[in-house]
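I opened this model to look up its cavity, one of its pockets and a few helix contacts. My notes follow in the order I made them.

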Amino acid sequence: MVNPIHLKTLLEVIRVGSFAAAALRLGYTASAVSQQMSALERATGTHLFERSARTAVPTEAAVVMARHAAKVLTDMDALMAASARAEAGTSHELRLGIFPSLATFALPLLIRSPGWQDLGINLKIHVAEPGQTIQGLRAGGELDVALIYQVGQGGLAWPSTITRQWLGDDNFRVVLPRAWGIREGSQVSAEQLSDMPWIMHHPGTPDALVIERLFASCNLHPRVAAYCDDFNASLEMAAAGLGAALVPELAMLNRHDDVVVLDVPEIRLARSIFALLINERENPQIRLFLDQLAEVLRTQSIAPRTSAGL
C-alpha cells in the first residue's frame, strides 16, 4: 500500500525542487525525506529520482505521479471530511486566525467557490498579524488554526505542539508612482532606483531587517520618504507620488491605477505563507480547507496588471 504521507512529501519535493527544501517546509530532516522517497519507490516499483551526491532530480514518472497524487490526496481528505460531517450531523466550527491581506484576497475566493458548502465548516475568524494569532494557539487559546507569513526564517516562534504546513509564497513587487513616467512591467536595475525616495518598513522589525540586507546586497541605499508597515497605506502614498515601495502581491489585489509594477531582477523576495495547527485538533475537514486554500493561492492571479496610462 502507498503511504499518503509519502505522497504528500513527494508533492513537496517536486514543488520546491530538493529534499532539503522539502524537509524544511515539512519539519523533517533531509534524511527522513530521502527515506520516504525510497519507500515510495519500493511500494510503487517506480524509479522517482536520479540521485547524485548533492542533487535528486525527479524523473518523468515522479512528475506524473505527483500530478495524480494531488488529486488523490484531496479526494481522500474530502471523503474523510464528508464522513465526519455525516456522522456528526452538523458543521464543524473552525476558529481561524488569519493575517489581513490573506483575509482580503484568498478567503473570499474560497468561501465563494462551488465546493465550499460541502466542506461543512463554520468559520469563526480572527483577523490579526501573525504574532497575535500565534498567541491564540497556545494552551487554552481561542484558535484552532493560524495562517501566518514569514519573511526569512526569523521573527516568530510557536510551541512544539504546533504543526507547520506550507501553503504558498507571496512574492514582493516593486511599485512606483505612475506619474514618474516609468512604464508598467518595465525591467529596471536596482541602481536605477537608488536616487528615488522610498516608503520603507519601520526599522528594527524582522521584515525590515531582511529587506535592508537585500537592498544592501544590490547596493541600493534608499532615501526614505516614509516608514510604514501598512501595505494599503504604502500603496496609497506611492499612488500620490511620495515614493517607491516594496509590496507583496496579496496586498495588491485592488491596487490603485496610479501605481505601476516593475521587474527588478536583483530584488527577489517572498514571504512564505504557513498554516499552524494544534496537533490534537487536526481533522480531515481542516486538512481539506487548507488544501483548497493552497489551491486558491496557486491558481489565482494575485496582482492583476492594468494597462491604463501606458
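**Cavity**

I looked up the lining of the largest cavity and found Ile199, Met200, His201, Ile211, Phe215 and Leu246. The model is a predicted one. I noted which elements give two or more residues to this lining: they are β7 (197–200) and α8. I then sorted the lining of the largest cavity by class. Five residues are nonpolar, one is polar and none is charged. The volume of the largest cavity comes to about 40 Å³. I also checked how many cavities of 30 Å³ or more the structure holds, and the count is one.

**Second largest pocket**

Next I turned to the second largest pocket. I read its volume as about 650 Å³. Its lining has 30 residues. Nearest the centre of this pocket I found Glu129, Tyr149, Asp229, Phe231 and Arg271.

Which elements each supply at least two residues of this lining? I listed α5 (100–111), α7 (130–135), β5 (145–150), α8 (206–217) and α9 (231–239). The largest share, four residues, comes from α9. I split the lining of the second largest pocket by class as well. I got twelve nonpolar, eleven polar and seven charged residues.

I marked α8 in both lists. It gives two or more residues to the lining of the largest cavity, and it supplies at least two to the lining of the second largest pocket.

**α1 with α2**

I moved on to helix α1 (residues 4–16) and helix α2 (residues 19–26). Their axes come within 8 Å and cross at roughly 120°. That angle makes α1 oblique to α2, because it lies outside the 65 to 115 degrees that count as roughly perpendicular and is not over 145. I recorded the crossing of α1 past α2 as right-handed.

From α1, the contact uses Thr9, Glu12, Val13 and Val16. From α2, it uses Phe19, Ala21, Ala22, Arg25 and Leu26. By class, I wrote down six nonpolar, one polar and two charged residues for the contact of α1 with α2.

**α2 with α3**

I followed α2 to its contact with helix α3 (residues 30–44). The axes of α2 and α3 come within 8 Å and cross at roughly 105°. The two helices are therefore roughly perpendicular to each other. Phe19, Ala20 and Ala23 of α2 make this contact with Ala30, Val33, Ser34 and Met37 of α3. I counted by class again: six nonpolar, one polar and no charged residues in the contact of α2 with α3.

I underlined Phe19 of α2. Phe19 takes part in the contact with α1, and Phe19 takes part in the contact with α3.

**α5 with α10**

Last, I looked up α5 and helix α10 (residues 284–299). They pack at an angle of about 110°, with their axes 9 Å apart. That makes α5 roughly perpendicular to α10. I noted a right-handed crossing of α5 past α10.

Which residues of α5 meet α10? I found Leu102, Phe105, Ala106, Leu107, Leu109 and Leu110. On the α10 side I listed Phe289, Gln292, Leu293, Val296 and Leu297. The contact of α5 with α10 divides into ten nonpolar residues, one polar and no charged. I added a cross-reference here: α5 also supplies at least two residues of the lining of the second largest pocket.

How values were computed:
Residues are numbered from 1 along each chain as its sequence is written. This is a predicted model: local features need pLDDT of at least 70, side-chain atom pairs count only at pLDDT 80 or more; totals for chains, interfaces and linings use all residues. Side-chain values use heavy atoms; hydrogens and water are left out. On a 1 Å grid over the protein atoms alone, a cavity is a set of points where a 1.4 Å probe fits but cannot get out, and a pocket is an open set with protein on both sides within 12 Å along at least five of seven lines; lining residues have an atom within 4 Å of a point. Grid points are joined across faces, edges and corners, and a volume is the space filled by probe spheres set on the points. Ala, Val, Leu, Ile, Met, Phe, Trp, Tyr, Cys and Pro count as nonpolar, Asp, Glu, Lys and Arg as charged, and the others, Gly among them, as polar. Axes are lines fitted to C-alpha atoms, for helices over the stretch in contact, and angles run from 0 to 180 degrees between N-to-C directions. Angles under 35 degrees count as roughly parallel, over 145 as roughly antiparallel, 65 to 115 as roughly perpendicular and the rest as oblique. A crossing is left-handed if the near helix is turned anticlockwise from the far one by less than a right angle, and right-handed if clockwise. Contact means heavy atoms within 4.5 Å.
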